[in-house]
Amino acid sequence: MQIYLPIAEMPVDMFLIAAIGAAVGFLSGMFGVGGGFLMTPLLIFLGIPPAIAVATQAAQIAAASTTGTLAALRRDAVDMKLGLVLLGGGIVGTAIGVGLFNVLRRLGQLDIVIVVSYVTLFGVVGTLMLVESIRALTASRRGVQPLPPKPPWHRDLPWRMAFPRAGLEVSLIPLVGIAMLIGVAGSVLGIGGGFIMVPVLIYMFRVPVALVVGTSQFQILFTMLGATVLHAATNQTVDVVLAMLLTVGGVFGAQFGARAGRNLKGEAFRLLLALLILGVGLRFAFELTVTPRDRYTIAPVEVSG
Amino acid sequence: MMRPARLLIALAAWLAAGPAGAEQLVAALSGSRVEINSTYTGAEIVAFGVIERDQRTVSRAGPYDIVITVRGPARNFIVRQKERVGFAWLNREQRRFIGVPSYLAVLSTRPLADVTTPVLQRRLKIGVDAHLSVIPDDLLPERERAYRVALRRLEGEAGRFVEDPAGVAFLTPNLFRASIYLPATANTGLYEVETQLFADGTPLAKAVNTFEVAKTGFEQRIAEAAHQARWAYGLSVVAISLLFGWLASIVFRRD
């Protein structure tokens, strides 16, 4: 059934859009990632203008992470303090990233930076996680006790802060630094960065998986609320009809995803997330290297000169 | 769908007009407004008209030709070309096209080459090519021409650039009719429909009509809110997201 989108100025099949929302919402609820790195390419593939796709999916992610955060709060699976520290670092990083975005665009190098970063980021993060989780899975199957983890490299850094809920006492330098880097990457690449944050919290800071998902969703919720309002106010690119269709699918998908995620063992969770990230990385690598069907693309522009 | 009232007005206008030239051209559209609502998937507008020949004029040897040109609101385009850099395909060069109609349909009774000469086509703005630049294709270097060809092809595939050499049909020797199909992605705004009459390659008369494509009701209010009350609009979207998220967590509270 077709419905006309008033801001995107085109009709779409409403059931198809709701189904996409549900599918991405499922993954988002399961892994505590926003899902923007899946949603944006899907919407662009359907013919939605990229600026509107990026801005509108922020509203959908906000809704899905509201549900996720509320569910996590009821199970006491959010480290609020950790979430707020990450959010603070992320906001600073986002501001830097917006500046960098404009510099790169002026230099005309934005395209190459985006594609190469995507492939590298997804490829490296995905491969590292895949190797680790397979090793952990085979070790637990043989009944071998996994080696005791090496002390993390950031153990001796100053400005330590305690996060009682996560059972963590860690220096603010790596924590805020990582959050800032993710903020920079997020605003340059147009992704929320949950898929980097989740593995970083698991591997670098040894935060329990159950807590990582809730805390990441908590941080994503506030990032996406801010992003939606800013996109609407500065670019007028948020399509409320598209956002509602995606949201209806997304919130339900996220619920089922969260349940599925809770039934997964830690190793299996990491393996699946690794495969997902690697798959997206491969898709970008494919798009980058395979001869395009059409070498020309066309885009309307508002201003001349 | 011809509306009788509109046809009557058109006929009255035609009868009232004095015999200024040998041929008179009267044209009208089936509607002056295309309304976009939530079920909009494109529209069809019918253009029709009458050629009236002065009784004192000697009849012409050749047949009449009609060319109907529909132009949507002007827009600027960037056409980008991907090139191979090492192992990767990247956007490298781009060209801008300024003030190109966002929708362009050229409907005629015969192929444009049979209707009139290339020089006149360009001067009278007939055909898609004539709208893209004042320079003819064959005078452009191959490199530059490729961008124009790409623009024409991509907009053509989207149904926004149309050239139909059989798009206008004569119902009687003097009465013609054409269907204009607007895809759902055609821009909103004012559209100009120019009808030109030819015989033996010579332009004899022309008539201009307009119609408007506009959002109505809910779609119109949403678009206005998004552009005029930006912060309030953004905050409302966020409020809806929070509400949906909260409702879903209530629905699924069981566990």
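The following paragraphs describe a predicted model of two protein chains, A and B, beginning with the interface between them and then turning to selected parts of each chain.

In the predicted model, the interface brings 57 residues of chain A into contact with 58 residues of chain B. Together the two chains bury about 5,200 Å² between them, and 64% of this area lies on carbon and sulfur atoms. Within the area that chain A buries against chain B, A:Tyr4, A:Tyr296 and A:Ile298 supply 15%, which is more than any other three residues. Charged and polar groups also take part in the interface, for two salt bridges are counted between chain A and chain B, and 12 residue pairs, both members at pLDDT 80 or more, are in polar contact. One of the salt bridges is formed by B:Lys215 with A:Glu9, and the closest N and O atoms of this pair are 2.9 Å apart.

The side of chain A that touches chain B is drawn from several elements of secondary structure, each of which supplies at least two residues: the strands β1 (2-5), β2 (10-13) and β5 (296-301), together with the helices α3 (50-74), α5 (110-141), α8 (209-234), α9 (240-262) and α10 (266-289). Among these elements, α9(A) gives the most, with 11 residues. When the residues on this side of chain A are divided by type, 35 are nonpolar, 13 are polar and nine are charged.

Strand pairing also extends across the interface, since β5(A) and strand β5 of chain B, residues 74-85, pair in the antiparallel sense over six bridges. Within this pairing, A:Ala299 has B:Ile78 in β5(B) as its bridge partner.

In chain A itself, β1(A) and β2(A) pair in the antiparallel sense over four bridges, and A:Ile3 is matched with A:Val12 of β2(A) as its bridge partner. These two strands form a hairpin with four residues between them, in which A:Glu9 takes a positive phi near 60 degrees. The residue with this backbone angle, A:Glu9, is also the one that forms the salt bridge with B:Lys215.

Several helices of chain A contain buried residues. In helix α2, which spans residues 36-45, the residues A:Gly36, A:Phe37, A:Leu38, A:Met39, A:Thr40 and A:Leu43 are buried, and the helix is followed by A:Gly47, whose phi is positive and near 100 degrees. A:Ser28 is found in helix α1, residues 14-31. With a relative accessible area of 6%, which falls under the 20% cut-off, A:Ser28 counts as buried. When its neighbours within four places in sequence are left aside, A:Ser28 is in contact with A:Val33, A:Gly34, A:Ala64 and A:Gln217.

A second serine, A:Ser133, is found in helix α5 of chain A, and it is buried, with a relative accessible area of 0%. A polar atom of the side chain of A:Ser133 lies 3.1 Å from the backbone oxygen of A:Leu130. Not counting residues up to four places away in sequence, A:Ser133 touches A:Glu267, A:Arg270 and A:Leu271.

The secondary structure of chain B comes to seven helices and 12 strands, and of the 255 residues in this chain, 45% are buried. Among the contacts in chain B between residues at least 6 apart in sequence, 68% join residues at least 24 apart.

Strand β1 of chain B, residues 23-29, is largely enclosed by the rest of the structure, because seven of its seven residues are buried. From β1(B), B:Glu23, B:Leu25, B:Ala27 and B:Leu29 point one way, whereas B:Gln24, B:Val26 and B:Ala28 point the other way, and all of them are buried. The strand is joined to β3(B) by seven bridges, the two running antiparallel, and the bridge partner of B:Ala28 in β3(B) is B:Phe48.

A contrasting position in chain B is that of B:Thr39, which is placed in the loop between β2 (33-36) and β3 (43-53). B:Thr39 counts as exposed because its relative accessibility is 55%, which is over the 50% cut-off. Although B:Thr39 and B:Gly189 are 150 residues apart along the chain, their C-alpha atoms are separated by 19 Å.

Technical notes:
Residues numbered from 1 in each chain as written. Chains lettered and ligands numbered in written order. Predicted model: local features only at pLDDT ≥ 70, side-chain atom pairs only at ≥ 80, totals over all residues. Heavy atoms only, no water. Contact = heavy atoms within 4.5 Å. Buried area = accessible area lost by both parts, 1.4 Å probe. Salt bridge = Lys/Arg side-chain N within 4 Å of Asp/Glu carboxyl O. Polar contact = N/O pair within 3.5 Å; in protein donor to acceptor, adjacent residues only side chain to side chain. Nonpolar A, V, L, I, M, F, W, Y, C, P; charged D, E, K, R; others polar. Pairing = 2+ DSSP bridges. Buried < 20%, exposed > 50% of the residue type's maximum accessible area, 1.4 Å probe, protein only.
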